[in-house]
Every structure is written in C-alpha cells, then in structure tokens.
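Notebook open. I want to look up the annotated binding site and see what sits around it.

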Amino acid sequence: RFPGFVLPCLGVHPVQGIPPQEQRGATMQDLDAAVPLIEKYKDQLLAIGEVGLDFSPRFASTDTQREEQRLVLIRQVEIAKRLNLPLNVHSRSAGRPTINLLKEQEAEKVLLHAFDGKPSVALEGVKAGYFFSIPPSIVRSGQKQKLVKQLPLEFMCLETDSPALGPEKQVRNEPRNILVSAEYIANVKGVSVEKVMEVTTQNALKLFPKLQKFLRV
C-alpha cells in the first residue's frame, strides 16, 4: 500500500501463533510454508526477518524445541546470505546462543533488535560487526540502559517495535516515540540528539542499503 515509504521484511519468527491462541516455537514446517513467499518477493524485501531464537520457557522448554528453533534460524541465515539480504534478529532469553549461532553460520549483515542479553555478550556481536537497535522502553529498562552505556554508538540503530516496547508499560507504542530512544542515548553518550540521529541513520544505511534510494537529499 505504501511503496517507497514502507519496505517489507519476510521471515519466520521463532514464536508462532497469535494471542489469545496458544503460542509455540517455530518449526521447519513453518519455514517450508514461508519460503515460497520469500522467493516470490525477494527483490522487494529490505531484509529477512524478524527471525531468531526465543528460549522463553513457554516456547522452548525442551532441548528438542530449542534445536528446532536453531535449525529454522540456520536455514534463514542461509537464505539471507544467498539473497544478499540483512537479518533482523529476535533473541529473547537467548542472547548468547543467538550471537554464537550467527557467528558460526558466518552471518554478516545483522541487526539484533531489542537485545535483552548482557552487555558483554552484545560486545561479542559488535566484534562480529553486528548492529543493535534500541527501543523507547529503554527509559524503563535497566538492562537496556546498561547495554547502551557499553555499546559504541557506531553499532546502534533506533527502533520503536510499535505497538510494543513503548516508554510506558502497557501503553500502545507509536513510531514517533523513536525520538525517545534518540534522546536517551544522547544523554548517556554525552552527545547531541542530532548526532545520535546522524550516526544511527548512517548505521541503518550501512545495514540496509536499499533505504538510500528513498531518502530525500
């Protein structure tokens, strides 16, 4: 509906099912069903995503379930590499396993969204060249605040994850709240909001080069 303004990503999320229905971890059958759609629209895609691992107990309580998620992610890394597309990655309760898998599979263009792991683990991703996007929920998340203190600005992007992860818990998030993320990062890093916007925009363009043709100079 909005060509040139909204660009799509396609991928199989590690959690399948829409509340209030029962949710479960992703399986290879889910991916098999999605691959034809990815192939059909591959030239229009900005990235493969949102993909990743979610080891929350209600979605991955057994080794078998966790291994199934790993297999789904490995195959999607392969697809992204073949199509020369970046990955938008979810890693709830699975920060280290996700980064380790991405490194093992030699994934190169990676955005870890709303990363909830330790800063030391995130820095392993930085060494691999991965970017981390920061949502407005940083204002109420001690974990995200610690993360931003440690991450170099040169490896950060901004996100909202609307309608989730807003500055107020259980209040619908909106795209305009991306400024909340920028302002908080600026305060932590001791730079201007304009500097944060400039650097994170350049980071996004490095990761998603297709965005360049939609920018007005």
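Before I start: UniProt positions are given in the numbering used here, and such annotations may be inferred rather than shown by experiment. I also keep in mind that this is a predicted model.

Entry one, the record. I looked up the "binding site" feature, and UniProt, in an unreviewed entry, puts it at His 90 and His 113. The pair spans 24 residues in sequence, yet their C-alpha atoms are no more than 5.9 Å apart, so they gather at one spot. From this set, His 113 is part of the lining of the largest pocket.

Entry two, His 90. I found His 90 in strand E5, which runs over residues 87-90. Is His 90 buried or exposed? Its relative accessibility is 9%, under the 20% cut-off, so I log His 90 as buried. Leaving out residues up to four places away in sequence, I see His 90 touching a set that includes His 13, Pro 14, Asp 54, Thr 98 and His 113. Glu 50 is also among the residues His 90 touches, and the two side chains share a polar contact of 3.0 Å.

Entry three, His 113. Strand E6, residues 110-113, holds His 113. I get 8% relative accessibility for His 113, so this one counts as buried. With the same sequence neighbours left out, the contacts of His 113 include Asn 88, Val 89, His 90, Ser 133, Glu 159 and Asp 161.

Last check: which side chain makes a polar contact with the side chain of His 113? I find Glu 50, at 3.0 Å. I note that Glu 50 also has its polar contact with His 90.

Technical notes:
Residues numbered from 1 in each chain as written. Predicted model: local features only at pLDDT ≥ 70, side-chain atom pairs only at ≥ 80, totals over all residues. Heavy atoms only, no water. 1 Å grid on protein atoms, 1.4 Å probe; cavity = no way out; pocket = protein on both sides within 12 Å on 5 of 7 lines; lining within 4 Å. Helix = DSSP H or I, 4+ residues; strand = E, 2+ residues; numbered from the N terminus. Buried < 20%, exposed > 50% of the residue type's maximum accessible area, 1.4 Å probe, protein only. Contact = heavy atoms within 4.5 Å. Polar contact = N/O pair within 3.5 Å; in protein donor to acceptor, adjacent residues only side chain to side chain.
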